[in-house]
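Here is a set of short exercises to work through with the model open beside you. Try each task before you read its solution.

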Amino acid sequence: MTPFRVGLLGHGTVGAAFSELLEQRAGEVEGATGRRPEISGVLTRSRGDADEVIQGSELVVELIGGVEPARTYVLGAMRAGRHVVTANKALLSQHGEEIYETAREVGVQLRFEAAVGGVVPVIRVIHETLAAAHIDRVHGIVNGTTNYILSEMARTGASYDEALREAQALGFAEADPSDDVSGRDAAAKMAILARLAFGARVDLDDVSYEGIESLTQQDIGYAKELGLSLKLVGTAERVGGGLSVRVHPTFLFGAHPLSAIGGSFNAVTIESPAITEITLSGPGAGGSQTASAVLGDVVSAMIPPAALPPPPVDQPLVSDVESAFYLHLEVADRPGVLAQVAEILGLQGVSVKSVVQHGLGDDARLEMVVHRVLESKFLAAVELIGRLEFLRSPPRVIRVIEETF
Ligand SMILES: NC(=O)c1ccc[n+]([C@@H]2O[C@H](COP(=O)([O-])OP(=O)(O)OC[C@H]3O[C@@H](n4cnc5c(N)ncnc54)[C@H](OP(=O)(O)O)[C@@H]3O)[C@@H](O)[C@H]2O)c1
């Protein structure tokens with residue numbers, strides 16, 4: 001089988017990471033699709049010829065960004081019968097209809113997962129998984145820069161300017177951050193999501209947006225006092241017989257799925273009567289993360305519609321894994337109980353992170369969380385604890401996920 005030729009337009013942050021990832025993962029892609037992908041040509045401002053790159057490829061990956069010349073190249077590639085993968089939200093939010101229409105007319109694949117939410121597979125879920133689900137509302141934290149700035153303001157008490165400078169120093173914000181902090185970048189992404197969620201034409205010009213530039217520590221302090229978090233949230237929803245798509249700073253109650261999304265992460269919440277609610281979250285940008293979403297699109301475009309999964313490879317299944325645990329014990333309220341429990345846990349190498357005693361007399365309970373430990377060791381300790389005569393009922397155990405990202 002001949003290699004699958006991928007023409008690459010743009011070799012910057014994402015383009016270079018994509019090119020490297022494609023080389024590293026060519027074997028896996030071949031396993032999944034039957035053909036080994038290779039970069040057949042590269043275009044930058046100083047290297048390559050656009051026509052040659054397009055003609056020499058079967059699929060074109062556009063990672064230049066902006067409207068022109070990306071628009072001309074993408075349309076040209078599709079008209080020449082090439083599948084296209086792009087991460088370009090500016091292009092799709094301003095010329096989406098022209099591009100979708102051309103792909104339909106010519107019958108090529110157009111994939112753009114990385115244009116919204118970086119590696120978070122929100123396009124696929126809205127466009128394919130929930131294609132028939134009648135979505136009512138989409139909320140999104142779709143700009144990692146502003147989420148990082150607001151998270152840092154809340155976490156450290158920094159001013160907007162201080163948090164922005166830190167974001168720039170760490171590479172989370174560009175030297176000119178205006179597209180991000182004004183809400184325009186998030187508005188472009190919400191236009192793309194709204195177009196897919198509601199099947200209606202939505203352009204960037206249709207989205208009202210407000211940025212985070214004027215937010216202060218006072219706003220953040222207020223949010224904290226009320227147990228709320230302050231985020232830049234994009235909303236696309238059905239209102240009466242129409243649609244509303246907008247982006248603005250928003251307080252969220254602690255129980256809202258977007259409330260806990262911190263740092264440069266992105267997250268999108270999709271609401272529909274058919275599914276109640278789905279939240280997807282993950283890194284919203286970064287060269288290697290975005291490149292991974294782009295490669296996923298290339299693989300999707302390479303797989304013929306009826307492809308079956310490749311034969312399975314042998315991988316051992318691990319049953320005894322480490323976890324943190326919550327342990328609930330109903331005990332007789334008398335001296336030495338906690339010491340005996342602690343001794344058994346200690347002998348099995350289980351270390352207690354926190355312990356609280358509730359109730360008195362016949363209602364006494366011990367509740368503890370233990371640090372990560374092999375399940376077999378913890379369950380062996382629980383088995384011994386279960387035999388102690390002062391226990392009023394069998395121990396109850398629940399696993400704890402401690403990870404934060
Ligand atoms: N960076 C991220 O984390 C991220 C996340 C999600 C989506 N995206 C999207 O991914 C795309 C690429 O972003 P990026 O950050 O990789 O951009 P970038 O670092 O600025 O790279 C742009 C590349 O395009 C080339 N280029 C620019 N103008 C050109 C022209 N007129 N003709 C030919 N080549 C041209 C540049 O050439 P030179 O090398 O000669 O300068 C460079 O190789 C954008 O659509 C962006 O919105 C990026």
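Two strands pair if DSSP finds at least two bridges between them. Keep that rule at hand for the sheets below, and remember that this is a predicted model.

**Exercise 1. An open sheet**

Task: Work out the strand order of the six-stranded open sheet, and find its edge strands.

Solution:
- Step 1. Follow the pairing from strand to strand, which gives the order S7-S9-S8-S6-S10-S11.
- Step 2. Check the directions: the pairing in this six-stranded sheet is mixed.
- Step 3. Look for strands that pair on one side only; these are S7 (208–209) and S11 (276–283).
- Step 4. Take one pair inside the sheet: S8 (residues 228–239) and S9 (residues 242–253) are antiparallel, with twelve bridges between them. Here Val239 faces Gly242 of S9.
- Step 5. Visit Thr276, which belongs to strand S11. Its phi is positive, at about 65°, although Thr276 is not a glycine. With a relative accessible area of 62%, Thr276 is exposed.

**Exercise 2. Strand S3 and its neighbours**

Task: Describe how S3 (residues 59–62) is covered, and what it pairs with.

Solution:
- Step 1. Start with the two faces. Leu59 and Val61 lie on one side of S3, Val60 and Glu62 on the other, and all of them are buried.
- Step 2. Turn to S1 (residues 4–9), which is parallel to S3 and joined to it by four bridges. Leu9 is opposite Glu62 in this pair.
- Step 3. Now take S4 (residues 83–86), which also runs parallel to S3, again with four bridges. Glu62 has Thr86 as its bridge partner in S4.
- Step 4. Trace the chain from S3 through helix H3 (residues 70–79) to S4: together they make a right-handed β-α-β unit.
- Step 5. Pause in the loop between S3 and H3, where Pro69 is located. The peptide bond between Glu68 and Pro69 is cis, with omega about 10°.

**Exercise 3. The ligand and its shell**

Task: List the closest residues around the ligand, and find backbone atoms that approach its oxygen atoms.

Solution:
- Step 1. Collect the surroundings: the ligand has 20 residues around it, and His11, Thr13, Val14, Arg45 and Gly286 are the closest.
- Step 2. Sort this shell by class, which yields eight nonpolar, ten polar and two charged residues.
- Step 3. Look at the backbone. A polar backbone atom of His11 is 2.8 Å from a ligand oxygen, and one of Gly12 is 3.1 Å from a ligand oxygen. For Gly286, a backbone N or O atom is 2.9 Å from an oxygen of the ligand.
- Step 4. Add the area: on its own the ligand exposes 910 Å², and the protein buries 73% of that.

**Exercise 4. A glutamate in a loop**

Task: Is Glu113 buried or exposed, and which backbone nitrogens does its side chain reach?

Solution:
- Step 1. Locate Glu113 in the loop between strand S5 (110–111) and helix H5 (122–129).
- Step 2. Glu113 counts as buried because its relative accessibility is 4%, and the cut-off for buried is under 20%.
- Step 3. Find the contacts. A polar side-chain atom of Glu113 is 3.1 Å from the backbone nitrogen of Val122, and the side chain also reaches the backbone nitrogen of Arg124 at 2.9 Å.

**Exercise 5. Strand S14 and its partners**

Task: Which strands pair with S14 (residues 365–374) in the antiparallel sense, and over how many bridges?

Solution:
- Step 1. One partner is S12 (residues 322–330), joined to S14 by eight bridges in the antiparallel sense. Glu322 is opposite Leu374.
- Step 2. Another is S13 (residues 352–358), antiparallel to S14 over six bridges. In this pair, Gln357 is opposite Leu366.
- Step 3. Inspect the hairpin of S13 and S14, with six residues between the strands: Gly359 there has a positive phi near 70°.

**Exercise 6. Stepping back**

Task: How many helices and strands does the chain have, and what share of its residues is buried?

Solution:
- Step 1. Count the elements: 13 helices and 15 strands.
- Step 2. Of the 405 residues in the chain, 45% are buried.
- Step 3. For the extent, the C-alpha trace spans about 85 × 55 × 45 Å along its principal axes.

Definitions and conventions. Residues are numbered from 1 along each chain as its sequence is written. This is a predicted model: local features need pLDDT of at least 70, side-chain atom pairs count only at pLDDT 80 or more; totals for chains, interfaces and linings use all residues. Side-chain values use heavy atoms; hydrogens and water are left out. Buried means under 20% relative accessible area, exposed over 50%, partly exposed in between (1.4 Å probe, protein chains only). Helices (H or I, at least four residues) and strands (E, at least two) are DSSP runs, numbered from the N terminus. A crossover is right-handed if, with the strands pointing away from the viewer, the path from the first strand over the helix to the second runs clockwise. A residue is near a molecule or strand if one of its heavy atoms lies within 4 Å of it. A polar contact is a pair of N or O atoms within 3.5 Å; within protein, one must be able to donate a hydrogen and the other to accept it, and residues adjacent in sequence count only if both atoms are side-chain atoms. Accessible areas come from the Shrake-Rupley method with a 1.4 Å probe; for residues, only the protein chains shown count as cover. Ala, Val, Leu, Ile, Met, Phe, Trp, Tyr, Cys and Pro count as nonpolar, Asp, Glu, Lys and Arg as charged, and the others, Gly among them, as polar.
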